[in-house]
Amino acid sequence: MEQKRLSDIGWGEFQKMGLTGKGEYLNHRQRPVHTLLAQQFDRPMLERLCDLATKIRTIARTRGGMQFLQTLLSEKRAMLYFAQPSTRTFLSFYTACQTLGVKPAEVRDTTTSSEVKGESPEDTVRTFSSFVDMIIMRHPVGGFAERIAWLLSHTDREVPVLNAGSGKDQHPTQALLDIYTLQQGFDGRGGIDGKTVLFVGDLARGRTVRSLAWLLTCYEGVRALFVAPEPLQIREDVLRQLDRAGMPYEIGTDFERFIPEADAIYMTRIQDEWDVSDESKTLNVEKYFFTRDHLPMLKRDAILMHPLPRRREIDAEVDADPRAYYWRQVRNGMWIRTALILLTFQREAEVDRYYEDLTRE
Amino acid sequence: MEQKRLSDIGWGEFQKMGLTGKGEYLNHRQRPVHTLLAQQFDRPMLERLCDLATKIRTIARTRGGMQFLQTLLSEKRAMLYFAQPSTRTFLSFYTACQTLGVKPAEVRDTTTSSEVKGESPEDTVRTFSSFVDMIIMRHPVGGFAERIAWLLSHTDREVPVLNAGSGKDQHPTQALLDIYTLQQGFDGRGGIDGKTVLFVGDLARGRTVRSLAWLLTCYEGVRALFVAPEPLQIREDVLRQLDRAGMPYEIGTDFERFIPEADAIYMTRIQDEWDVSDESKTLNVEKYFFTRDHLPMLKRDAILMHPLPRRREIDAEVDADPRAYYWRQVRNGMWIRTALILLTFQREAEVDRYYEDLTRE
Amino acid sequence: MEQKRLSDIGWGEFQKMGLTGKGEYLNHRQRPVHTLLAQQFDRPMLERLCDLATKIRTIARTRGGMQFLQTLLSEKRAMLYFAQPSTRTFLSFYTACQTLGVKPAEVRDTTTSSEVKGESPEDTVRTFSSFVDMIIMRHPVGGFAERIAWLLSHTDREVPVLNAGSGKDQHPTQALLDIYTLQQGFDGRGGIDGKTVLFVGDLARGRTVRSLAWLLTCYEGVRALFVAPEPLQIREDVLRQLDRAGMPYEIGTDFERFIPEADAIYMTRIQDEWDVSDESKTLNVEKYFFTRDHLPMLKRDAILMHPLPRRREIDAEVDADPRAYYWRQVRNGMWIRTALILLTFQREAEVDRYYEDLTRE
């Protein structure tokens, strides 16, 4: 199959494509060139990433291991262009850079850039990109990261763009860390294949759930359960995707009935910041909170996830239960992003070798 | 004596303890686990810190020495969580991290964090702590750093918390740098024991003076003099502490009478930002300013200190006098913080060895 | 000739001197101590800088080369004191620091410093300077960087000050990068000597043009053309300088007539932020825009420059032409600043040796 290249396609044509169509232009030899969409990853890529993240995490346990990791990309520089604030995503990527020796530079407040002097946003980002080898970008406008990646692919200095959240639509590394957490949680039990994942809360508006549901179709025999108040239930377009992929699912409103069936529960926050007229306030959302009382209903080896921040969806008293996986999920975000950056720069073989030596000893 | 651990005590009980009682829960084998209070340090710890700071400063004089220091904690990451701005304290800690190879990440504006979305402050800091090996924290709320240290001690990932100033009450590393400056200033003359320290200015509201006075009780035969306008005079509770420790002191309003007696003068700024109704404005504070005219009254080997920033308490013309120690004091802050971080991570032995080789040559 | 030192002169006397007079106090043995003025550089220094920048750029092409560069100043720390925002200049210097292993710390918002508590600006910067080995400073007040450099030269801890833009008057590293870009553009054709440089746009208010015109007088047989709307034409004082240096020039308003004569065209933005009463709005500035239609009029080996940001002075369609040099100009800024920092710390010999080994292979 001939490799598709972003530099070969016009912007108008690219924009009109579907997510999987776009995805084909973003990878090269099973590695991401730009990471813009959850949909650009297939199962082999996901497994490579998870495997790499675990190796990096293991190597990072010793001082010598950390020092080794810091040599891997020590000659690279990254710009973290966060036009929209998100301290946790920022820190997660920042840390991933530091772990690999990548020198990070932060651009937070874009009003201090030349945009104010009448420069085009494209010129601004292209100028900034001159100084770095990678752009990690969070932007309130959906599709902005795609636009920048496309633009840079048409210059003589294309640097990878990693989407750290754009508008309401995409936050691909969140989906990757969720997959990694599931894989880790089901380690020694056949992995993700054949498991039942229960999604709870605001399923209509969370980009997280949409992306993760899609990625689960890469696995065999996964079953999805969607529990939410009627107006926040999972959207038809996602269900159509699952249908096309042949993935079984069930929809409901009775949280407690579904709990015992789940191998993983994915709790979410009601995203009332997207409310048009306070509609969330009229819902009885407490029915969808996970409390201490639910712990006995939960399978002994199930895992409880949450993308955080939480409000009251999971009671703090639940944190001490070994099945509470959300704090580990945060750390996993750091490791999967580290793996992603390494894969993007095609330096993963050095980790493979180091890990092999380490485990042979 | 059995070692007390923060993880063994409930929050309510810990909160109710006095400063020395709390201190016992913050150290482990004569090293700080968390650095929250000036009162957690005893004389052996202070001497270990000062000794270490001097060794680090000596090693840092050469390019090779600096490169060695940067390997000591090169696998560590620190978050500088500054919910309250203070560029100088920030830079001092930031530099200390860089000197040891610790990778720093800054969180300045907490409104960009998820606190706005209804997350608890505890969840926010716990999330951020996931990415780092140490938290350096400045917060307007007294006791917040304590709360976070306690909270992390009850998770499976306790990272050290260093208090870089909380509310009106504690700024322990300022007290440590003051002790280090005194020790350095009295080097070759028996150290701090037996010296007379004159405190001048706003003694009621400066946390600096309160902490330093307390730490001086760790030494033998120190005498304190407190000179201030009546309403800003040192508080009763501090004097009771000195009484209990058997440390002699004198109180007065006649600055010039006390100058010739002092081995060290500790000048402070009138902290009118804590004024309730402009009460500082009605005071004749100029009586408590150190000017060129006072230089002849000062002992030949006395030292003149100021925590900075100053306004008019010390005339700029005094800066050139060799007894003006306040600029050196700033640098000392950097060195003592470097020593503190190293001690916290129990890596001081490597500095001892390097220093020994250095001085043997 | 006896070396002049900033520490030997009073502030009042220094302030009254002309630019070349000041320049003599800023260098030491053909290297900058402080970099404050374009006028402190002479031809040998410019050539040394350009040569060094090219060597660094070449070495930086490999992973091993980058790792070598990062050792050169790995024991140094820099403060980027940006009291006036400029993300691109900031990133350019920040990157230059990282390339050499210099640890950067950023001070952006000076209102978070102690200036608010009544401290003098001099004390503030002196305190901050305690933590670093170099200050890179951008400030809205013309002459502020000079003042700080002078002040530090009168303390026992003088650290280099690099002016990254002060007020309307000086931005010396912009002029250096322009010289480097010209030199690079004319490489293999005798360099800058004997070339014709056409300046277009807002020649009255751009500090860039003024500084560059001055530096061009260091070369032989250069001819300058100035094309601008009457009110924005180059100022008399610059022309007097060129007269004194014996550099020929021509002034006009007919852009297209001059294009074919130019070896380099230096386009500039109308700086309407300095307008007193919207005077720029009444001008027909479009006559001074470079469009696709001008490409055929341009010499085959001419180069087209712009300090960026641009608005409509150069059409984006022109970007793809090989003579469009402005994106390369951005990268050149990074390289020349790297060279400048290295020269300031007198570590350039290590680059010379590495480069020699590299090219001998």
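Gln30(A) sits in the loop that links β1 (27-28) to β2 (31-32) in chain A. This is a predicted model, and Gln30(A) is worth a look because its phi is positive, at about 65°, although it is not a glycine. Below are the backbone oddities, then a charged patch, then how the chains relate.

**Positive phi at Gln30**

- Most residues other than glycine have a negative phi.
- Gln30(A) goes the other way, with a positive phi of about 65°.
- Is Gln30(A) buried, partly exposed or exposed? With a relative accessibility of 43%, Gln30(A) counts as partly exposed, since that class runs between the 20% and 50% cut-offs.
- Chain C has a positive phi here too: Gln30(C) comes out at about 60°, and it is not a glycine either.
- Gln30(C) belongs to the loop between β1 (27-28) and β2 (31-32) of chain C.
- The relative accessible area of Gln30(C) is 42%, so this residue is partly exposed.

**Cis peptide bonds before Pro309**

- Most peptide bonds are trans.
- In chain A, though, Leu308(A) and Pro309(A) are joined by a cis peptide bond, with omega at about -5°.
- Where does Pro309(A) lie? Look in the loop of chain A that runs between β11 (303-305) and α12 (326-344).
- Chain C has a cis bond between Leu308(C) and Pro309(C), again with omega of about -5°.
- Pro309(C) is placed in the chain C loop between β11 (303-305) and α12 (326-344).

**A negative patch on chain A**

- Which residues form the negative surface patch? They are Asp254(A), Glu256(A), Asp293(A) and Asp315(A).
- Asp254(A), one of these patch residues, is in the loop between β9 (249-252) and α11 (255-258) of chain A.
- Asp254(A) has 39% relative accessibility, so it counts as partly exposed; that value clears the patch cut-off of over 30%.

**How the chains relate**

- Two copies of a chain are related by a rotation about an axis and a shift along it.
- For chain B onto chain A, the rotation is 120° and the shift along the axis is 0.0 Å, with an RMSD of 0.0 Å.
- That makes the relation between chain B and chain A one of a three-fold axis.
- Chain C superposes on chain A by a rotation of 120° with 0.0 Å of shift along its axis, at an RMSD of 0.0 Å.

Key: Residues numbered from 1 in each chain as written. Chains lettered and ligands numbered in written order. Predicted model: local features only at pLDDT ≥ 70, side-chain atom pairs only at ≥ 80, totals over all residues. Heavy atoms only, no water. Patch = residues over 30% accessible without salt bridge, like charges linked within 9 Å, V, L, I, M, F, W, Y side chains within 5 Å. Areas by Shrake-Rupley, 256 points an atom, 1.4 Å probe, with all protein chains shown as cover. Salt bridge = Lys/Arg side-chain N within 4 Å of Asp/Glu carboxyl O. Lys, Arg positive; Asp, Glu negative; His and termini not counted. Charge placed at Lys NZ, Arg CZ, Asp CG, Glu CD. Helix = DSSP H or I, 4+ residues; strand = E, 2+ residues; numbered from the N terminus. Buried < 20%, exposed > 50% of the residue type's maximum accessible area, 1.4 Å probe, protein only. Least-squares fit on C-alpha atoms with pLDDT ≥ 70 in both.
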